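This report covers the nonpolar cores, a set of paired strands and one buried acidic side chain. The sequence and model are shown first.

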Amino acid sequence: MPRSLSRLPSFLLSSCVLPGALLATGALAADEGRRGLHAFRITGASAPVIDGRLDDAAWQRAPVFDAFHKHAPRDGKPPGAGVRTAVQLLVDDDALVFGIRAWDDRSERMRGVLARRDKVGLDQDFIGIWIDPVGHGRAAQFVRVNLAGVLTDGLHRADGDESDLGPDFPIEAAVARLPDGYSMEVRWPLSSLRFPYTGGKDWRVLVERSIPHADGALLVSAPLRTDALSHLAFLRDVAGMDDTVVAVRDCRFVELRPELTVRSERSAADGVGSRGRRAELGLEVNARPRADWVLNATLNPDYSQVELDQPVSQGAGNIALSLPEKRGFFLESADVLGLPLPAFYSRTVGDPDWGLRATWRSAGADATAMHLRDAEGGLVLRGRPYETFEAVQPRATTASLVRMRWHGDGLLLGAFASQRAVEGGGANDVVGVDAQWRSGGGDTGGDHAQRQAGITVMHSRTTAGFDEAMQPVRGARRSGAYLHGKYVHSTEAWWNEFSLEAIGPGFVNDNGFVPQAGIARATAEVNRMLGQRRVAGLELYEFEAHVGLQETRTLSGHGAGHDAGQPGGEVVERKVRPGFWLSAPGQTEFWTQLGFDRQRGRRGGRLHRTPALHVGGATVPAPWVSRIAFEATLGRQLDVDADRVGPGGNVTLDVGLRFALARGWALELDHHLNRAWVQGTLGHPAFADTAWRWLANLHLSPRDSVRLLAQNTWAARRDDGVSQLEAWNEREVHRSLLVRHLWRHGRAVSAGYVDEKRPLARERSKSLTLKLQWEI
């Protein structure tokens, strides 16, 4: 996929719009628009009522910011005069309060209905606010609020220009629809913002406004720079915050979040049934003794994932690696970790009994430390060049980590240490260092190239292993090393990335995610931005040419173990993929690549040619369509088990629909279809894997919803006429219903019913779960 396409989701999440309100005078608005946003200090007694209407006295005195720029689509046209946006900011000892006034001369076409949290996208009118209270420009907390008051919030990190939708902040928002647009108030508690105690840089903010009926227009409070390394480069300083930081830095906040989970289960296998009931009480504690310290504790939390859209069985810990992180205990210091995926991956923790965590931030450094006990049943992954060894951990483990970073102007230095110890068995220890350098900034000239380089080095020592019966044993000590380096070079016409990764055969990180080891991989991505084009009468807003190169080779293995005798320099995979990416009207994007690839399926096997066509795209063709997206690979596909190549492909289709109903209700429908196959020599697929999912969410109010999920998966192997592999057939069926009521942030009750079965294996399980969450 072209680099610009992979940046697109983060672009949609990485701009923000500050709260606006009534204009005091035209001259004042123009002056403040040039100078930037200014926070207006008020007392608690003067705080406005959060009702979306900017009629409180404080809004009449607060300065106004209204200098917005069009970031998308990049069609060269200015935003319409009828879509002005103005923002104001109030601050007291407890919160930031943003006021936004959004004018729209076609207000009858505005879109915004009830939706799931974290599902506010460019198909809806929304206001987004991004805040960096540390001021380094390396991470920002953000929220987007649509016309129905639905929130999407999370954390954005500049190093990978990626957004994490896991964190949920206690933000209060209200919207008032008006004949000529709408007004909005957003209250962001200071207790959920993380900043240094003293000596910190100015707080920075970025604001965005989405206008879908204007061809998906996105207006942002800073000029666009196509050569920026991250969209956080567009954050601007907020004036008037100094007194607030001094006033609130000693404020103490303590949150207690008890939860009660009651579950009844029934299961059957080969006609033999069993039943069970259990009740569990859990507790999370979050404390901030002062601005620069945050302490977290968790005791017996329930991570059954009953609120997630993905179907999850009661053995959630075994498959948790594939799920997005939504557990607050692990999200608190995600910005401080800031490491490549193998360093620490919270989903390796499946069912903790208890955990403790502390995070500290200063003006020039930050650190976090964690220690917890994880119950048995988690999934252990150990990488190999051609496969990933998987085992279920039958014993409890303890997980520990320490992470420290030092921040300089354009330079970051860090250190990392972690351990995963098996009770009564061995352990895995990892230590590492990392550094990142970046040049330029958001205010430099357009011809100035932007550069970023990073390097991570780790070393592991492991005595934890498994015997032939898959029981954990303490084995002989094995060591391994990990190296990752990346360089990014960007101008207004080019975006180029180069990376090198080497994972030694003995490298293990049980607190991380290392699907391959004993390999070295080099990658190059070259993108040429060609700007606007007109092809066959179709107007293209952006057009980019792309070439992707990647080669993965084995590293030689020595000594005993699965890597013994592994020859070095063996090509595992080679990719040569030229292609292009474009964007067009209707929030449409399309990309394609020609893959001149080669793949090897096993040690000493043949290096197969696997040429294929890779295409993908997305569009929003109607107001009731949230998004239609597809990806497809068609050509020669490698059947790894059979070590042969045949015609085949992999096709994925996602269709999202959203309908406004009577009484203010709303219905969301999400459809997903995926099929992968490799054709045999007898006229039918030798291997096929198909998945289908239908998800419906009925929103009765911003606090009440009903979710129905249906998913079927099929996988089968048949005689391919060559390999004589044993035929098999698997089918899984999932049905679930969830009813949820939310009193306010952190206080919810939900009831869920799950029915799962494997008809061919004559296995079935049913469960009814009642969950109560409370925040004190």
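## Cores, strand pairing and a buried aspartate

In this predicted model, Ile131 is in contact with Leu96, Phe98, Ala140, Gln141, Trp188, Leu193, Trp203, Arg204 and Val205, leaving aside neighbours within four places in sequence. Ile131 belongs to the largest nonpolar core, which has 40 residues; together with Leu96 and Trp203, Ile131 touches the most other members. Two or more residues of this core come from each of β3 (85-91), β4 (95-103), β5 (126-132), β6 (139-146), β10 (181-189), β11 (204-211), β12 (217-220) and α4 (242-248). A second core, separate from this one, has 21 residues, among them Met370, Val430, Val514 and Ala517.

Strand β26 pairs with both β25 and β27, as listed below.

| Strand pair | Residues | Direction | Bridges | Bridge partners included |
|---|---|---|---|---|
| β25 and β26 | 472-490 and 494-503 | antiparallel | 9 bridges | Gly485 and Leu500 |
| β26 and β27 | 494-503 and 519-529 | antiparallel | 10 bridges | Trp494 and Arg528 |

β25 and β26 form a hairpin, with 3 residues between the two strands.

Is Asp335, in helix α7 (residues 334-337), buried or exposed? Asp335 counts as buried because its relative accessibility is 15%, and the cut-off for buried is under 20%. The side chain of Asp335 makes a polar contact of 2.8 Å with the side chain of Arg361. Not counting residues up to four places away in sequence, Asp335 touches Ala139, Leu155, Arg157, Arg361 and Arg405.

Terms used:
Residues numbered from 1 in each chain as written. Predicted model: local features only at pLDDT ≥ 70, side-chain atom pairs only at ≥ 80, totals over all residues. Heavy atoms only, no water. Core = buried A, V, L, I, M, F, W, Y, C linked by side-chain atoms within 4.5 Å. Buried < 20%, exposed > 50% of the residue type's maximum accessible area, 1.4 Å probe, protein only. Helix = DSSP H or I, 4+ residues; strand = E, 2+ residues; numbered from the N terminus. Contact = heavy atoms within 4.5 Å. Pairing = 2+ DSSP bridges. Polar contact = N/O pair within 3.5 Å; in protein donor to acceptor, adjacent residues only side chain to side chain.
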